[in-house]
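Here are my notes on the model you asked me to look over. Have the coordinates open while you read.

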Amino acid sequence: MSSVSKRDALLDTAEALFVRDGFWGTTTASIAREAGVATGTLFTYFSSKDELIDEVYMRIKATAFASTSPALEPAPLSEDGFRLIMEKYIRWGCAHPQQYRLLLQLRQENVISQRVQEQVEEGGLSLLQQGIERGLIESLDPSFLYSMVAAQCEAAIQYALDHQLDAPEVEAFARQTSSLIWKFLTP
């Protein structure tokens, strides 16, 4: 197994075990065993379980962001572009419930490093700041606005999952939610 595939196998296995057993119930030894490598090999790629958790979190977030990236293309920020980002994120969360719930669990349990959290929020804060500067978004602290938008998207995803909305219902719900969030943000 090449070093890239060992690293990927460790990340895949860690994610699967974190979903199945929770991150507190998953040991580095069990990750290594399930991935088919020695425990010491895990520490060749990740200096600690915390670093592994950060990497799993970042990899899932990258997947989620990749689903919204076409919406980020048009610059400068517009209402349509911003709403599309929210809609795509809601659809991603509904289509990937295990990964979405793992993201929430990792963040809510405060096991994600400050560095990774700031890195993840950087793009959203930048978009909000751009919207504030253009007069499209209420002039409030972008960190506060980011928290509010994230919480509303999370509430929408959780509602859709809890109520087992099908794909067309998720589509309509995501549009309605993005419209509501945009109205909240505008001056």
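The points below go from the overall fold to the helix contacts and then to single residues.

1. Ground rules. This is a predicted model, in which local features need pLDDT of at least 70 and side-chain atom pairs count only at pLDDT 80 or more, while totals for chains, interfaces and linings use all residues. Residues are numbered from 1 along each chain as its sequence is written, and side-chain values use heavy atoms, with hydrogens and water left out.

2. Overall make-up. The protein chain has nine helices and zero strands, so the order from the N terminus reads α-α-α-α-α-α-α-α-α, where helices (H or I, at least four residues) and strands (E, at least two) are DSSP runs numbered from the N terminus. The C-alpha trace spans about 55 × 35 × 30 Å along its principal axes.

3. Burial and surface. Of the 187 residues in the protein chain, 42% are buried; buried means under 20% relative accessible area, exposed over 50%, and partly exposed in between, with a 1.4 Å probe and protein chains only. The accessible surface comes to about 9800 Å², and 52% of that belongs to carbon and sulfur atoms. Those areas come from the Shrake-Rupley method with a 1.4 Å probe, and for residues only the protein chains shown count as cover.

4. Sequence range of contacts. Take the contacts between residues at least 6 apart in sequence: 69% of them join residues at least 24 apart. Contact here means heavy atoms within 4.5 Å.

5. α5 against α8. Helix α5 (residues 79-95) packs on helix α8 (residues 142-162) at about 40°, with the axes 9 Å apart. Axes are lines fitted to C-alpha atoms, for helices over the stretch in contact, and angles run from 0 to 180 degrees between N-to-C directions. The pair is therefore oblique: angles under 35 degrees count as roughly parallel, over 145 as roughly antiparallel, 65 to 115 as roughly perpendicular, and the rest as oblique. The crossing is right-handed, meaning that the near helix is turned clockwise from the far one by less than a right angle (anticlockwise would be left-handed). On the α5 side you'll find Met86, Tyr89, Ile90, Gly93 and Cys94, and they meet α8 residues including Val149, Cys153 and Ile157. By class, this contact has ten nonpolar residues, one polar and no charged. For the classes, Ala, Val, Leu, Ile, Met, Phe, Trp, Tyr, Cys and Pro count as nonpolar, Asp, Glu, Lys and Arg as charged, and the others, Gly among them, as polar.

6. α6 against α8. The axes of helix α6 (residues 97-108) and α8 come within 12 Å and cross at roughly 135°. This pair is oblique too, but its crossing is left-handed. Pro97, Tyr100, Arg101, Leu104 and Arg107 in α6 meet Glu154, Ile157, Gln158, Leu161 and Asp162 in α8. That contact divides into five nonpolar, one polar and four charged residues.

7. α7 against α8. What is the angle between α7 and α8? They pack at about 110°, with axes 9 Å apart, and are therefore roughly perpendicular. The crossing is right-handed. From α7, residues including Val120, Leu125, Leu128 and Gln129 take part, and they meet Pro142, Ser143, Leu145 and Tyr146 in α8. The tally is seven nonpolar, three polar and one charged.

8. Two backbone spots to look at. Asn110 is not a glycine, although its phi is positive at about 60°. Asn110 sits in the loop between α6 and α7 and is exposed, with a relative accessible area of 65%. Gln164, also a non-glycine, has a positive phi of about 50°. Gln164 is in the loop between α8 and α9 (167-185), and its 70% relative accessibility makes it exposed.

9. Some single residues and distances. Where is Gln129? Gln129 lies in helix α7 (residues 114-133) and counts as partly exposed at 31% relative accessibility. From Gln129 to Gln152 the C-alpha distance is 19 Å, with their positions 23 residues apart in sequence. Ala95, in helix α5, is exposed at 53%; its C-alpha is 9.7 Å from that of Ile157, 62 residues away in sequence. Ser5 belongs to helix α1 (residues 3-21) and is partly exposed at 28%, while 11 Å separates its C-alpha from that of Gly36, 31 residues apart along the chain.
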